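This report looks at two topics in turn: an enclosed space, then a single side chain. Please view the sequence and the structure first.

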Amino acid sequence: MYLTRFLCLFRVAHAYLSSKSDGVTKDPRLDPANFLPEDVITRDVCVVGGGSSGTYTAIRLQDFGKSVVVVEKQKELGGHAATYRDPDTGGTIDITVISFGHLDEVKKHFQRFDVPLKPFLIAPRPPDYVEFTTGETINFTAPDQAAVGAAFQRYSAELSKYPKLQDGFYLDYPVPEDLLLPFGDFVRKYSLEALVLTMFNFGQGYSPLLELSTLYIFKFFNARFLDSLSRGFLTTERSNVGELYEKAAQKLGGDVLFNSSVMAMDRSAASGPARLLLETPSGRKLVLARKVVSTIPPLTNNLQGYDLSREERFLFKQFFNNAYFAGVLRNTQLPADAGFQSVEPDKPYGVPELPGIYFLGPSPVNGLFQVYYGSPYKLTADRVKADILTSIKRIQHARGINATSPPQFVAFEDHTPFNLMVSNEDIQGGFYDRLNKLQGQRNTFYNGAAFQSHDSSVLWQSTERLLPKILESLQ
């Protein structure tokens, strides 16, 4: 066996050197002849990324009788949908993805894996408004519910003028001026001031909120989101969305390659499979797939192994992004039922300037607190953690709490890159029209938040619209 593997590696090295001298551009690492049979995986579809979109896509393709393999860089499925299990109590905490919309796709997906849902309830005690830069409690009066409701009705009326946006980044050209307005200008134009702080709290990870193009606000606060906001959201009954992904992994079985990444790829063949070289815990594997579905954030530095076309590279280089973080802490020494909502009364509508904390409050597990943090730009995890701990120390000091030891993070999630966007100039120049035209080209389909929204409910629904195109391409 060892001799056989050595000969395979020797052939790869020899082919690579030969290709360099002969000017051949085809990557010899992707030649099936250089692999043992057990290291070649043949499937209808290779799904890159096992987050919300990737997992759902793979499960649904299997429903239609298609063979799949999922390439996931982490040790579990779910992406942003991480769950922390407290070793002391056995209790679980959904760290980031907590609520879901009232959509058939949502209810069916959870039901098939026997993960019950329940109405998402707001904490009985209203949070304290805090300025995290000082730790001081702020005497702040938020707009009343009647004013907020009336503002959302006006917002909904404007949103309804763009029905195609509900299904993706589908735009008319020239792009209407309102979609390109900084959201703060849009707010003033349509007298939406009363809803801004609510949007800040629900639209975590979208920053700076008032400076973003209104297009991106419409994409997140879409008609389906507004419906759930009105009816109330759903959440997992056991505070364990990870259960959904554990059971999905069980169903997919050996068709998920965990702790694996794409090293090289060739999707150029007009007929014949795409080829993907993977680094896995059990060595390098070659995937031969009729189609590729890529669900990871399409940033060029995130697609190092991809054989990007000139068009793909040009488009993906236009993206920029926000940063978003979530964590679970113990030993905050704060009141067990106290929540702290960020507000800065000297800023427009009380919306705080970020980077900073959105919210700090109790979790479903007694004694553990959850925290959410956003930034308009990339930050290191260490810097974010340090800022969070400093902010908690300020609150303790402002409340006269003599902390004998610092809080500790028991879980921390860095969801960067978050909320991929492009400039108004690129939007008006047809960026999203060109991006949508990538679907199906070079044996590849794209799925995920960059093509829709950071909302699992909406992503599963949009996957249902993408599936017929994938299935048709496999005929």
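## The cavity

The structure holds one cavity of 30 Å³ or more. The model is a predicted one. The volume of this largest cavity is about 90 Å³.

Which elements give two or more residues to its lining? They are α8 (214-220) and β19 (418-421). Of the elements, α8 gives the most, with three residues.

## The lining

Aromatic names come up early in the list: Phe-169, Tyr-206, Tyr-216 and Phe-220 are among the residues that line the largest cavity. Lys-219 is also in the lining. Further along the sequence, Asn-419 and Leu-420 line the cavity. Ala-449, Ala-450, Gln-452, Ser-453 and His-454 line it as well.

By class, seven lining residues are nonpolar, four are polar and one is charged. Lys-219 is the charged one, because Lys counts as charged.

## Asp-266

Now to the single side chain. Asp-266 sits in strand β11, which spans residues 261-266. Is Asp-266 buried or exposed? Its relative accessible area is 15%. Buried means under 20%, so Asp-266 is buried.

What does the side chain of Asp-266 pair with? It makes a polar contact of 2.6 Å with the side chain of Ser-268.

Residues further off in sequence also touch Asp-266. Leaving out those up to four places away, the contacts of Asp-266 are Lys-26, Leu-30, Pro-273, Ala-274, Arg-275 and Asp-307.

Terms used: Residues numbered from 1 in each chain as written. Predicted model: local features only at pLDDT ≥ 70, side-chain atom pairs only at ≥ 80, totals over all residues. Heavy atoms only, no water. 1 Å grid on protein atoms, 1.4 Å probe; cavity = no way out; pocket = protein on both sides within 12 Å on 5 of 7 lines; lining within 4 Å. Points joined across faces, edges and corners; volume = space filled by probe spheres on them. Helix = DSSP H or I, 4+ residues; strand = E, 2+ residues; numbered from the N terminus. Buried < 20%, exposed > 50% of the residue type's maximum accessible area, 1.4 Å probe, protein only. Polar contact = N/O pair within 3.5 Å; in protein donor to acceptor, adjacent residues only side chain to side chain. Contact = heavy atoms within 4.5 Å.
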